[in-house]
Amino acid sequence: MPKGRNVYRTAAARACLGRLAWMACLSLMCIVSARAADWPMGRGNVAGTGATDEPLPDSLELLWEVELKGLGFDAGPIIAGGVVYAADHDGRIFALQLATGKELWRRELETGFVASPAIDGDTLYVGDYEGNLHALDAQTGKEKWVFTAGLEIDASPNFYGDLVLLTSQDGILYGLSKANGQLKWKYETGDQLQCGPTLAGKQTFLGGCDANLHVIDVETGQVTGEPIPIDAPTGSTPSVLDLDSRDAAGNPQQLVLVPTYAGEIFAFPAGQRTPRWRFKDEKLADEFKNSVAVAEGLIVATSRNKRVFALSADSGKVKWTAVLRKRSDASPVIAGQSVVVAAADGRILRYDLRTGKELWMFEVKGSFIGSPAVADGRLVVANDRGTLFCFGEKKK
């Protein structure tokens, strides 16, 4: 099967407009659980916020870069337990030491990857463009089991209890056993799924190419009410923002953010079918192919219109806007009080979360498609030329 990036990405676009299980200690045998400060999946956490409370240092410098070459990375890396994990278009999966960039292990498969890995406990999960989900020992890269879905896997999996939640272009959300990959249940949307499932409690929110938002009880695999119309297909993993307010029963309220290919962002209060607001501004965005990052009452989005902007969670009104030199296909991330954007022109930019003021910029050759990852005061990004970059503060 050919492994050229454009074959698979273009076909998909046409079809639908811890601390980790181990540390790099001397013996490589110290097994611990994932930390809250890690970035263990594509959008950072089960709620898909694309955000972490962990701040980046005021001064960011290039600490290391590793050239792995090949067809490059379509998806961003993840970080857990002091280890960076990344999967590329050549079918290679890498584990690198966060501190130094030293390669700890690699696994090469006759396939390719366009989705970020995800880690839970001592197992690394990564889905390929042939529809296989590979469960690997995070310490060694040895395969534990494989589950085969119907079509390409475009998004990082998620986790609930003893379940792995997986989407595929076959239009199905799968609930799998973490232990052995056995199918527990499946939910069929009837059209392609190019985004991942997002969790709020025991419910997952899932945007589809059928122009609906699906709400599924992950304990049963059953839909909660009828799918909610969003008027256009979406390939963006939804984001769930915790609000300061509470409902009549005293439960914290949440807002589910869903961008669409029509350039809209829907904001649904969790449990409601009517959006609190709908954002659309063709000058800022005529199409969303990525997810938003959410934190502290703000929604940060990037667009193919060369814009990065923040919206108020209360009203959906624009709080600030910044102009990019070229589009951004990668989803933005929030680290503490700053926003990080990786753009198609090879620039990595950092903005103040509250004001949008540009704080820092670094430029490399190539382009960025996958999102950055942030952990332990370090920023890691991977480009389409097969290079991983790590930024942080150099020790004196």
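Guide: Welcome! Two strands count as paired if DSSP finds at least two bridges between them. Let us use that idea on the model above, which is a predicted one. In it, 3 bridges join strand β28 (residues 333–335) to strand β29 (residues 338–342), and the two run antiparallel. I334 has V339 in β29 as its bridge partner.

Visitor: Before we go further, how many helices and strands does the secondary structure of the chain come to?

Guide: The chain has 1 helix and 34 strands. Strands of a sheet pair through backbone hydrogen bonds, either parallel or antiparallel. That makes pairing a good thing to look for here.

Visitor: In what order do the 5 strands of the open sheet stand?

Guide: Read across the sheet rather than along the chain. The order is β1-β28-β29-β30-β31, and the pairing is mixed. At the edges are β1 (51–52) and β31 (358–363), each of which pairs on one side only.

Visitor: How many bridges join β29 to β30?

Guide: There are 5 bridges between β29 and β30, which run antiparallel. One residue to find is V341, whose bridge partner in β30 is L349. The two strands form a hairpin with 4 residues between them, where G346 takes a positive phi near 85 degrees.

Visitor: And what joins β30 to β31?

Guide: Another 5 bridges do, and these strands also run antiparallel. Here R350 has W360 in β31 as its bridge partner. The hairpin of β30 and β31 has 5 residues between the strands, and G356 takes a positive phi near 80 degrees.

Visitor: Why is strand β30 described as largely enclosed by the rest of the structure?

Guide: Count its buried residues, those under 20% relative accessible area. In β30 (residues 347–352), 5 of the 6 residues are buried, so the strand is largely enclosed by the rest of the structure.

Visitor: Which way do the residues of β33 point?

Guide: Start with the general idea. In a regular strand the side chains alternate between the two faces of the sheet. Now the case here: R378, V380 and A382 point one way from β33, while L379 and V381 point the other way. All of these residues are buried. Since 5 of the 5 residues of β33 (residues 378–382) are buried, this strand too is largely enclosed by the rest of the structure.

Visitor: Which strands pair with β33?

Guide: Strand β32 (residues 373–375) pairs with β33 in the antiparallel sense over 3 bridges. In that pairing, A373 stands opposite V380. Strand β34 (residues 387–392) also pairs with β33 in the antiparallel sense, over 4 bridges. There, A382 stands opposite L388 in β34.

Visitor: What should I look for in the turns of these hairpins?

Guide: Check the backbone angle phi. Between β32 and β33 there are 2 residues, and D376 in the turn has a positive phi of about 55 degrees. Between β33 and β34 there are 4 residues, and G386 takes a positive phi near 85 degrees.

Visitor: Are A211 and D231, which have positive phi values in loops, buried or exposed?

Guide: Take them one by one. A211 has a phi near 65 degrees and is found in the loop between β16 (203–207) and β17 (212–217). At 18% relative accessibility, A211 counts as buried. D231 has a phi near 70 degrees and lies in the loop between β19 (228–229) and β20. With a relative accessible area of 53%, D231 is exposed.

Visitor: What is the order of the open sheet of 4 strands?

Guide: This sheet runs β20-β21-β22-β23, with antiparallel pairing. Its edge strands are β20 (239–246) and β23 (277–280), each pairing on one side only. On average, neighbouring strands of this sheet are turned by 20 degrees against each other, direction ignored. Within the sheet, β21 (residues 252–259) and β22 (residues 264–269) pair over 5 bridges, and the bridge partner of L257 is A267 in β22.

Visitor: Stepping back, why is the radius of gyration of the chain said to agree with a compact globule?

Guide: Compare the chain with the rule. For 396 residues, a compact globule would have a radius of gyration near 21 Å; the chain has 19 Å, which agrees. Its C-alpha trace spans about 55 × 50 × 45 Å along the principal axes. Of the 396 residues, 61% count as buried.

Methods:
Residues are numbered from 1 along each chain as its sequence is written. Side-chain values use heavy atoms; hydrogens and water are left out. Buried means under 20% relative accessible area, exposed over 50%, partly exposed in between (1.4 Å probe, protein chains only). Axes are lines fitted to C-alpha atoms, for helices over the stretch in contact, and angles run from 0 to 180 degrees between N-to-C directions. The radius of gyration is taken over C-alpha atoms; the globule rule is 2.2 Å times the number of residues to the power 0.38.
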